[in-house]
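I opened the model to look up its charged pairs, its loops and its overall form. My notes follow in the order in which I looked.

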Amino acid sequence: MALELEPFKFEFRQEIDGLRAVAVILVVVSHTHLEFFNYGGNGVYVFFVISGYLITSVILRDITRQKFTIRGFYERRLKRIMPNLLLCSFTNFIIVMLLK
């Protein structure tokens, strides 16, 4: 018995951007170390939930199109993350060398 899924629509969701903004504000304000504001961890949790939702949405979209592969999924993640990782690592390396 095969599992049949309805076509999955992947579209821009304004409310997700709103949640991202709330998460960023929570994290940034928590870095001010105000005694009465200790909710920065909640901003991180919101980011984790948003990431899980978006990644699950991408996987479901690919499954309904019958184009999902683990390899393809991780290749797309690497293509997205590696340029930023390399840029940050290189920049930090240069800064450390200049500060020595």
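**Entry 1: a charged pair**

I started at Arg-13, which is partly exposed because its relative accessible area is 35%, between the 20% and 50% cut-offs. This is a predicted model. The side chain of Arg-13 meets that of Glu-15 in a salt bridge, 2.5 Å from N to O. I looked up Glu-15 as well: with a relative accessible area of 43%, Glu-15 is also partly exposed.

**Entry 2: salt bridges in the whole structure**

How many salt bridges does a search of the whole structure find? I got five. Two of the pairs I looked up involve Asp-62: one with Arg-61 at 3.4 Å, N to O, and one with Arg-76 at 2.6 Å, N to O. The pair of Asp-62 and Arg-76 links distant parts of the chain, with Asp-62 in helix H2, Arg-76 in helix H3 and their positions 14 residues apart in sequence.

Is Asp-62 buried or exposed? I noted a relative accessible area of 6% for Asp-62, so this residue counts as buried. Arg-61 is buried too. Arg-76 has 34% and is therefore partly exposed. Through shared partners, the salt bridges join Arg-61, Asp-62 and Arg-76 into one network.

**Entry 3: the loop between H2 and H3**

I then went to Phe-68, which sits in the loop between H2 and H3. Leaving out residues up to four places away in sequence, Phe-68 touches Ile-59, Asp-62, Ile-63 and Phe-73. Asp-62 thus appears again, here as a contact of Phe-68. The relative accessibility of Phe-68 is 27%, so I entered this residue as partly exposed. I also checked Phe-68 against Ile-16: the two are 52 residues apart in sequence, and their C-alpha atoms are 24 Å apart in space.

Gln-66 is found in the loop between H2 and helix H3, the latter covering residues 70-99. Its phi is near 55°, a positive value in a residue other than glycine. At 76% relative accessibility, Gln-66 counts as exposed.

**Entry 4: the end of H1 and the loop after**

Which residues does Ser-30 touch, not counting those up to four places away in sequence? I found Phe-37 and Gly-40. Ser-30 belongs to helix H1, residues 14-30. Ser-30 counts as buried because its relative accessibility is 18%, under the 20% cut-off.

His-33 lies in the loop between H1 and helix H2 (40-64). I noted a positive phi of about 60° for His-33, which is not a glycine. His-33 is exposed, with a relative accessible area of 67%.

**Entry 5: the chain as a whole**

I left the overall values for last. The protein chain has three helices and zero strands, in the order α-α-α from the N terminus on. Its radius of gyration is 19 Å, whereas a compact globule of 100 residues would have one near 13 Å. The C-alpha trace spans about 60 × 40 × 25 Å along its principal axes.

Buried residues make up 14% of the 100 residues. I put the accessible surface at about 8800 Å², with 66% of it belonging to carbon and sulfur atoms. Of the contacts between residues at least 6 apart in sequence, 53% join residues at least 24 apart. The chain has 12 positive and 8 negative charges, and the mean positions of the two sets are 10 Å apart.

Conventions
Residues are numbered from 1 along each chain as its sequence is written. This is a predicted model: local features need pLDDT of at least 70, side-chain atom pairs count only at pLDDT 80 or more; totals for chains, interfaces and linings use all residues. Side-chain values use heavy atoms; hydrogens and water are left out. Helices (H or I, at least four residues) and strands (E, at least two) are DSSP runs, numbered from the N terminus. The radius of gyration is taken over C-alpha atoms; the globule rule is 2.2 Å times the number of residues to the power 0.38. Buried means under 20% relative accessible area, exposed over 50%, partly exposed in between (1.4 Å probe, protein chains only). Contact means heavy atoms within 4.5 Å. Accessible areas come from the Shrake-Rupley method with a 1.4 Å probe; for residues, only the protein chains shown count as cover. Lys and Arg count as positive and Asp and Glu as negative; His and the chain ends are not counted. The place of a charge is taken as NZ of Lys, CZ of Arg, CG of Asp or CD of Glu. A salt bridge is a side-chain nitrogen of Lys or Arg within 4 Å of a carboxyl oxygen of Asp or Glu.
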